[in-house]
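Reader: I am new to this structure. Please take one part of it, look at it closely, and then say how the rest compares in outline.

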Amino acid sequence: MRCDVFPLRIISTMLLTLIMLFCAASSSAADGVTTMLHFPELNIKAGERVLLKAYFYNESQETVEFTFPESLPLRFQAADGTSILVTAVETGISQDVVLRAGEFITREYNIVLPLHYHGTIDISLVDSPETEVLINILDEEPASKRLLAGPAADGNDDYPSLESLHSLYQPYVVNFSVYEPLYFLAGTDLSESKFQISFRYRLFNPAGSLSQRFPALSGFNFAFTQTSFWDLASDSAPFEDTSYKPEMFYLTRNWVTRPGWLKGLFFQGGFRHESNGRGEEFSRSTNTLYFKPIFTFYGAKSELGLQISPKLLAYINNSEDSNPDLDGYRGNVDFEVKFGKASGFVSTTHLQVAKQGTSIQTDLSYPISKLLKNNLDLFLYVQYSNSLAESLINYKERTQALRIGISIVR
C-alpha cells in the first residue's frame, strides 16, 4: 500500500521532535520540589485500598509552577531485598499550582497494597529512592491455607507471582492504559462477529523533571487499536477484514478555567492511520487529523455520568486506487455520547453524518461482577450497528448487525 509510507514519516517525525525536546531540556524549573510520602497507618492489611498522602515541598529559594502528577510509581521492597512496582493514582482533579519558596502542598492518591507482600516493607518513589517510608503489611490469611512449594516453603516468599518478578524489569508498564473498548462480540448473524483490542502508552512520565518543567509534555500519547470482522458462520471462520489503527495524539489535563457546573473539560487532537494490511485490489487505507473536545458531567452521589465528545475529522491522503471517496461514507464529524452509572449500565452512541448517509452505533454494557458477587471482572456487552464503512473492505456497503459478547474495557 503506497500511502502507508506517509503515516510512518509523520510518526517518525513526531518521535524525533519529542526526542529533540528531551535532549534540549536542561534542569527543571521544579527541581526544587521534593516529595514525601505518608500512609494513614503503619500497620495495614494486605490487599487493602488506602489513601496515600503525598507532600510536595518547594525547598528552593524561588517560586515555582508545579503540576500534580496523575500517578506515583512506587517500589515496594521487602526485608529480603525482593521488590515489586505498585502505582498510586490521583484521587482529585488535576490542576497546576504555584509554590512559593519553603511552601508545601498535599495530594491524596489511591493505592491497593500487594496481596502477597507481608512484614516490614520499604516504600519509595521509583525515581526517588530517598523518599522511602516504612510500613508493616499484615497477613491475616491462616498459614494452613497458604500454598507453599519449593523455596517458599521456608517462609521466604521471594516471588509469589510471576508478575512480581517481571515488575523488576518493567518499570514503564505504569504508562500503559486502556483506550477504546476491548471486546469480543458474536453477531446474532454469526457472519457479522467482531472483536477489538486497544491500548495507549503515555510517552513522558508526569512525575519526571521534564514534565514538571514542561507540563504539556505529559499529554503526548501513542495508541494502537485493531478491529477485526470475523465470519464465524463459515466452516473455516475466516476474518473478513481487519483495521489496524496506530495513532499519535495529545490529551490535555482537565481545563482549569472550565465553568463550575462542568465536571471535566478536556481537549484531544492527533493523527491516526488506518489500513487493512492487504494488497492489490483489496488494499484500503486512510489517514485522518482530528480534534475532539470532551465535556464531562458526573454526580458523585448518584454515580451517573454524561460525556459528550464531538470529533472533527480531516482526511489526508486517502488511497487513490481503492478508497478515494471514503470520507463521503464516514463523514467529517463523529458525535459520541456516553451515559450511565459507574457501577451499572453504560451506553455509548456514535453518530456520523456523511454525504452518502447517516451511520449509528450504540454499545450497552453492564458489569458481570454485579451478577456473580464480584468474582468475574468482565462486562456483558451488546452492540447495535447500522453503519456505512464500518469495515474498510466493504466501505460502500451498509452494515446492520446486532452483536452480543463480553468486554474488558467499555
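Author: What follows is a close look at one sheet, with some notes on the rest of the protein.

This is a predicted model, in which local features need pLDDT of at least 70, side-chain atom pairs count only at pLDDT 80 or more, and totals for chains, interfaces and linings use all residues. Residues are numbered from 1 along each chain as its sequence is written, and side-chain values use heavy atoms, with hydrogens and water left out.

The protein has four helices and 23 strands. Both are DSSP runs numbered from the N terminus: helices are H or I with at least four residues, and strands are E with at least two. The part chosen here is an open sheet of eight strands in the order 1-3-8-6-5-9-10-2, with mixed pairing. Two strands are said to pair if DSSP finds at least two bridges between them. Strand 1 (33–38) and strand 2 (43–45) are the edges, and each pairs on one side only. On average, neighbouring strands of this sheet are turned by 40° against each other, direction ignored. The axes behind such angles are lines fitted to C-alpha atoms, for helices over the stretch in contact, and angles run from 0 to 180 degrees between N-to-C directions.

Begin at the edge formed by strand 2. Strand 2 runs parallel to strand 10 (residues 128–138), and three bridges join the two. Lysine 45 has leucine 138 of strand 10 as its bridge partner.

Further along the order is strand 5 (residues 71–77), which is mostly covered, with five of its seven residues buried. Buried means under 20% relative accessible area, exposed means over 50%, and partly exposed lies in between, using a 1.4 Å probe and protein chains only. Strand 5 has two antiparallel partners in the sheet: seven bridges join it to strand 6 (residues 83–90), and four bridges join it to strand 9 (residues 119–125). On the strand 6 side, glutamine 77 stands opposite serine 83. On the strand 9 side, arginine 75 stands opposite serine 124. Strands 5 and 6 form a hairpin with five residues between them, and glycine 81 in the turn has a positive phi of about 95°. In a regular strand, the side chains alternate between the two faces of the sheet.

Now turn to tyrosine 55, which is placed in strand 3. Leaving out residues up to four places away in sequence, tyrosine 55 touches Thr34, Thr35, Met36, His38, Phe104, Ile105 and Thr106; contact means heavy atoms within 4.5 Å. The C-alpha atoms of tyrosine 55 and methionine 36 are separated by 5.0 Å, though the two residues are 19 apart along the chain.

Aromatic rings come next. The structure holds 19 aromatic pairs. Rings of Phe, Tyr and Trp (its six-membered ring) pair if their centres lie within 6.5 Å; planes under 30 degrees apart count as stacked, over 60 as edge-to-face and the rest as tilted. The rings of tyrosine 55 and phenylalanine 104 have centres 5.9 Å apart and planes at 45°, so this pair is tilted. It links distant parts of the chain, with tyrosine 55 in strand 3 (residues 49–58) and phenylalanine 104 in strand 8 (residues 104–112), 49 residues apart. Tyrosine 55 is partly exposed at a relative accessible area of 25%, and phenylalanine 104 is partly exposed at 48%. In strand 8, too, a charge meets a ring: the charged end of arginine 107 sits over the ring of phenylalanine 68, 4.4 Å from its centre. That wording requires NZ of Lys or CZ of Arg within 6 Å of the ring centre and within 35 degrees of the ring normal.

A few notes remain on the rest of the protein. The charged end of lysine 311 sits over the ring of tyrosine 290, 4.4 Å from its centre. Phe176, Phe199, Tyr201 and Phe224 form one aromatic cluster. Most residues other than glycine have a negative phi, and most peptide bonds are trans. Alanine 237, however, has a positive phi near 45°, and asparagine 317 has one of about 60°. Alanine 237 lies in the loop between strand 14 and strand 15 (239–251), and asparagine 317 in the loop between strand 18 (304–316) and helix 4 (327–330).

For the whole protein, 42% of the 410 residues are buried. Of the contacts between residues at least 6 apart in sequence, 59% join residues at least 24 apart.
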